[in-house]
Amino acid sequence: MAYVTDVPPPQPFAYLGTPNAPLYAGILDVFALAKQRFTVHLRPEDVLSDWPGAPGALDGGRADAVRPTVEQLVQALDKLVEWGNLRSDADTGRVTTVEDFNRARRIYQLTRHGQAALAAIEHYEQALGQRGRLQTVALADIAEQLSALALHAEAADAPDQATVGLLLFALTERFTGLADNAEAFMSSLRRTVDFSDGDGDEEAFLAYKDRLIEYIDKFIADLANRGAQIAGLIERIETAGIARILEAAARRDAVDAIPDTDRTDGADAGVAHAHATAVQAATRDWENRWRGLREWFVSSGTRRPSQARLLRNAAVSGITNLVNTVAALNERRGGRSDRSADFRTLARFFAQAPDDAAAHRLWRAAFALAPARHLTVDSDTEDTWEQAEYPPGTPWAAAAPLLISPRLRETGSYERRGAPNRAVDREQGRRQLAERAEREAAEIAEARRLLATDGPVLLSELAGDEGLDPRAFRLFLSVLGDALAARRPGIATTTATSGDGTMEIRLKLVDAGTIVAIPTEDGVLSGPEHVVEIIDLTARPVAVR
Amino acid sequence: MAFHQPSDHDVERRRAARALLASPLLTARDDDFRLVRKHAAELAGWFADQTGWRLTVDAETARLFKKPAALDDSTRPARAPKTKVPFTRRRYVLLCLALAALERSESQTTLGRLAEGVLTGAADPALAEAGITFAMERREERADLVAVVRLLLSWGVLARVQGDEEAFVADGGNDVLYDLDRQVTGGLLATSRSASTVTETAFEQRLTALAAEPVPDTDDLRLRALRHAMTRRLLDDPVVYYADLTEPERAYLANQRVAITRRITDLTGLIPEMRAEGIAMVDPDDALTDVRMPEQGTDGHVTLLIATKLATDGKAPTVPELIGFVQTQAKLHASYWRKTAVEPAAAADLAEQAVAKLEALNLVIRVLDDRGEVRIHPRSALMRYAMTDPTIKKTGTRA
């Protein structure tokens, strides 16, 4: 025997090999959790009240750890003490019942060995990629710490700096781990292995499938339930006033930053200022972290969904991929290999076809895209056949042939090919146009001649006895328009030249009160009496003017 | 034959069925896609029942997997959309490599990226061994790729976003951007077996393996398979000769021809021309076909003249004889034919094209005679193009 003391060497991993391993692991989890809250000593009843699923605690911890009875627990605790995971001390606290007093009362705490073992096991599990389990714990912890924080936030007194600081610190710690893990998961989903191509990637696929399903089973399902709870807690804390809490924690951090504050209290304004700055900076940091936490669990509108929601969506699309891959695998098992390989094989078959004709046959068999091909018949032929009522044994040669348009037979075209259009001779049209222009010019000259007055005349006399000739009248209207347009207010006499420069008109108002009427073929023109002189400029040498 | 007046529903369904028969891959861009979608259930039922063809219709595409009735038909090549020139082996290979590359590409791609993908696929030593290599450096190679891309564009696999292919042919530095529609690529292959699982090495076996369908093992299934085979032929082929069928097929068709053709008429409006030698489902609308006969224009005229000659002479001329015939006709019809066709040198091409058309329509076959010369033999249905009586000719004249 090498040992001289009666203390056995610690065996902190021994519990892993026992049938009761889940129980022990559950107990150690409670201790680890307590440790994170800086609770060092635990009584057996504390362990039970912190047990996952207990009324006070939050579920979602070790699902496989069945809540023990007090006796089982004490037994297990003592076993863990024996292995060196825990240390027990006499509990000197006050009791309230006789039974408690009579029982050997002890308090327990993690030993250094026990702590190292826990850390090692955690590391081990992480290395195995059991993220789902770890994150489930993280979610439970976050919820737990948030509800603790909510109590502080809703309390009337100023929050205790230390407690709040610790809570926030643990929260940050847990949350950081959770976010890291989630990020790793998301990126692993994004670079989903291309299983459609693999030869022998099935094992990788199965591993992936197990991982994904475990993840979804353990974490995403929990996230769906717990995410809402956490979001609710966050809202609750914010409604109660998060600023108070964060500032309390920041003040505590600032104390760490400038330990001398108390000693130089009020004496040194510079230090006070530095302290205020430190508090401000720390508050900002905490606000930032809080925002990160908030954005993780609370969606702000549809455009900025929470990380939790994104994770759930990613998991859902992961499932879709999984189903597709399973289908592809089944297809491959069923003798249908992937299409890319099929196309490559066909490329080889085409290359090795004896000639183009063979390639055409292969083409039709492989792609089956050939159109249907049919002869045609016209209705006349159809009628002929119908009238003939051929018995079924009639050979083609004995039946009436297709009635093909003789023109088609002769020319290869159904349409009559007409003589080309000759070049159009426009001489006649041109002559007609010239004649018309001449005639119109003559008519206008005649109108001018008719309209022109030999010296000034009264408007009422302009028309003469038979009224104005319609052509002359139209011309008159246009020159009258020009003349009236040229008249300026207060001036009784106007002179105007018609727009085409062929006529001049002089108008002089005689009496605005006398209205004269000029009968024409188109109607009666009425207006004040004027003296009118119309000169046909084309008829007289310009020099005369 | 008296048909009941078709209802609007029937008319629409007929249009939809014809659209699918004429082009088994339709997308929302196509005029009759809406009708196909509307009558999808009925059409799918009909095709599954009568032909064993699968019809899939979704919001974007309609695809009729028209398994061919016969694997020996080499008259239906893929054609370059612009020039209508049949694809070469080389272009088929390019097409498959391009599709393989697209299968793995993002939802958008460029012509340059596609060319790279094709080059990667072309590294397969089996291709080089078969004498097909690509470097994408020469203009002709880029033109080949562009012909393939235009086919993909015409199917709706790709949609051009920016750029133009001509510029790429001129200079590989000019790129073109496309959207890729996976829905369409997904439904391109119509093989019964996945090509990559076909291990046969001989061409004919490969072809058979790709198109293989389960062998019917009960009388009911055998009859069903016969009905499918015969309906497929009648729906797709211009003339179905009894002589080309197996004994069970011949017996089945002789028995069931009235029932089968009536169902086809109800669906498509094609009417049967039943003769002693076979059946042709002919189209009174002269629309449901890719090779038209008779047809206007010089090429159509040459084809009609050769058909008439073959039907009337009842002889099987050699190819040089036909070329001589075309040269004679060119002199007679010089005023109607296009200028380039009147040159004596053009006669060989014209004759070859005409014979290829008649072949595609199951109206002639090429047979090697004792002296090793190819002779063009008329088949029975060619007789429907014989000269009509002069009296009928007069009444047939259109004003």
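How many helices and strands are there in chain A? The answer is 17 helices and six strands. Before I go on, keep in mind that what you have in front of you is a predicted model.

Okay, staying with chain A for a minute. This chain has 545 residues, and 39% of them count as buried. For contacts, take the ones in chain A with a separation of 6 or more: 65% of those are between residues 24 or more positions apart. And the outside? The accessible surface of chain A is about 30600 Å², with carbon and sulfur atoms holding 52% of it.

Now chain B. Here the secondary structure comes to 17 helices and eleven strands. Chain B has 399 residues, and buried ones make up 50% of them. Running the contact count again on chain B, again with a separation of 6 or more, residues 24 or more positions apart account for 60%. As for surface, chain B exposes about 18500 Å², and 51% of that is supplied by carbon and sulfur atoms.

Right, so let's put the two together. How many residues of chain A are in contact with chain B? That would be 69 residues on the chain A side, touching 109 residues of chain B. Between them, the two chains bury about 8400 Å², and carbon and sulfur atoms give 61% of that area. If you want places to click on in chain A, go for A:R373, A:L375 and A:W396: these three lose the most area to chain B, and together they make up 14% of what the chain A side buries.

Last topic, the empty space inside. Rolling a probe the size of a water molecule over the atoms is how you see where such space is left. Searching the whole structure turns up three cavities of 30 Å³ or more. I'd like to show you the second largest, which has a volume of about 40 Å³.

Which residues line this second largest cavity? You'll find A:F31, A:A34, A:K35, A:T39, A:V40 and A:L110 around it. By character, the lining splits into four nonpolar residues, one polar and one charged. And where does the largest share of that lining come from? From helix 1 of chain A, residues 21-36, which contributes three residues. So if you zoom in on helix 1, look for A:F31, A:A34 and A:K35 among the lining residues.

That's it from me, happy to go back to any of the views.

Technical notes: Residues numbered from 1 in each chain as written. Chains lettered and ligands numbered in written order. Predicted model: local features only at pLDDT ≥ 70, side-chain atom pairs only at ≥ 80, totals over all residues. Heavy atoms only, no water. 1 Å grid on protein atoms, 1.4 Å probe; cavity = no way out; pocket = protein on both sides within 12 Å on 5 of 7 lines; lining within 4 Å. Points joined across faces, edges and corners; volume = space filled by probe spheres on them. Helix = DSSP H or I, 4+ residues; strand = E, 2+ residues; numbered from the N terminus. Nonpolar A, V, L, I, M, F, W, Y, C, P; charged D, E, K, R; others polar. Buried < 20%, exposed > 50% of the residue type's maximum accessible area, 1.4 Å probe, protein only. Contact = heavy atoms within 4.5 Å. Areas by Shrake-Rupley, 256 points an atom, 1.4 Å probe, with all protein chains shown as cover. Buried area = accessible area lost by both parts, 1.4 Å probe.
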